[in-house]
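Trainee: Could you take a close look at one part of this chain for me? I'd like to know how it sits against its neighbours.

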Amino acid sequence: MSTLAHTMMTAARSADSGLVGPGGLDRYPYAEAPGADRVGVPSWDAADPELGRVGRRTAGSRGRGLHGQLVQQLGQMIVSGDLGADRPLVPEEIGQRFEVSRTVVRESLRVLEAKGLVSARPNVGTRVRPVSDWNLLDPDIIEWRAFGPQRDNQRRELSELRWTIEPLAARLAAGHGREEVQQRLVDMVEIMGHAMSQGDALTFSRADAEYHSLLIQLAGNRMLEHLSGIVSAALQVSGGPIAGCDRPNEASLAHHARIVEALAAGDGAGAEAAMRQLLMVHPEVERVVPAPREH
């Protein structure tokens with residue numbers, strides 16, 4: 001195994017030890033949105049009282065402190081429908097409910113406003129905006145929707161979007177001879193293979209995410225590259241039959257390897273076909289994204 005492969009596997013296990021056991025795919029350690037299966041629950045009553053003490057929480061913060069934790073909590077509640085446009089979001093009330101300062105509340109609402117979830121207007125206050133105004137391509141919103149009441153729709157939409165992005169990226173990548181990136185793709189396949197043999201789903205997931213990100217970068221299309229976060233988010237919210245990457249198996253690994261082989265050969269059509277096969281590894285996916293028609 002290459003030095004890069006060994007280093008990445010070691011880092012993945014040490015950095016996240018305890019988050020995932022063998023056979024369980026990596027996923028951001030956020031708490032699932034409170035009341036995710038209960039649409040229409042009155043605003044603050046839906047929150048778990050223990051989650052109100054965000055200053056004492058460690059999971060779900062992504063290392064961003066009180067501000068990051070409050071963004072996660074409020075974002076999850078908005079996306080799940082526990083906070084709606086029927087009443088304003090009063091900063092003082094939020095601060096008291098979650099035991100945080102006005103500064104933390106203010107900065108958190110600004111982040112949510114940038115994501116299109118809320119709007120602040122004079123004499124109106126801060127209110128939740130309609131779904132049509134949300135930045136649905138924001139990785140946080142993708143994740144919140146994937147673990148909320150819209151989970152099925154979100155996973156279907158992600159699958160359909162990946163079918164648009166990744167086969168095209170694979171085709172374009174075959175036309176670019178960036179050998180160092182192609183070598184890293186080879187390393188990622190090697191890491192995935194070793195991790196699968198060891199039952200190390202966390203390392204497999206991390207290598208898989210980097211593989212797909214590298215592939216999009218290799219395509220040489222900067223607009224596609226801006227969409228790479230969507231693919232990464234899709235891989236992190238596994239739990240339903242989104243694509244062949246969701247569950248490590250020999251078929252998935254083989255398709256990853258075939259894509260790399262096609263890229264090395266400059267075979268754009270072959271790389272595109274192999275990517276489509278990868279996205280269709282699981283039979284359940286056929287009900288979500290139909291196979292392309294032959295012309």
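Mentor: What follows starts with the whole chain and then zooms in on helix α6. Bear in mind that this is a predicted model, where local features need pLDDT of at least 70 and side-chain atom pairs count only at pLDDT 80 or more, while totals for chains, interfaces and linings use all residues. Numbering runs from 1 along each chain as its sequence is written, and side-chain values use heavy atoms, with hydrogens and water left out.

Overall, you've got twelve helices and two strands (DSSP runs, H or I of at least four residues for helices, E of at least two for strands, numbered from the N terminus). In order along the sequence, they read α-α-α-α-β-β-α-α-α-α-α-α-α-α. Of the 295 residues, 48% are buried, meaning under 20% relative accessible area with a 1.4 Å probe, protein chains only. Take the contacts (heavy atoms within 4.5 Å) with a separation of 6 or more: 73% of them join residues 24 or more positions apart.

Now for α6, residues 151-173. It packs on α8 (residues 201-218) at about 60°, the axes 8 Å apart; axes are lines fitted to C-alpha atoms over the stretch in contact, and angles run from 0 to 180 degrees between N-to-C directions. That angle is why α6 counts as oblique to α8, the class left over once under 35 degrees is roughly parallel, over 145 roughly antiparallel and 65 to 115 roughly perpendicular. The crossing is left-handed, so the near helix is turned anticlockwise from the far one by less than a right angle. On the α6 side, R162, I165, E166, A169, A170 and A173 make the contact, meeting H212, L215, I216 and L218 of α8. An α-helix has 3.6 residues a turn, so residues three or four places apart point the same way. By class, this α6–α8 contact has seven nonpolar, one polar and two charged residues (nonpolar is Ala, Val, Leu, Ile, Met, Phe, Trp, Tyr, Cys and Pro; charged is Asp, Glu, Lys and Arg; the others, Gly among them, are polar).

Then there's α5, residues 139-146, whose axis comes within 7 Å of that of α6 and crosses at roughly 130°. That angle makes α5 oblique to α6. Here I141, I142, R145 and A146 of α5 meet R151, Q154, R155, E157 and L158 of α6. This α5–α6 contact has four nonpolar, one polar and four charged residues.

Definitions and conventions: Buried means under 20% relative accessible area, exposed over 50%, partly exposed in between (1.4 Å probe, protein chains only).
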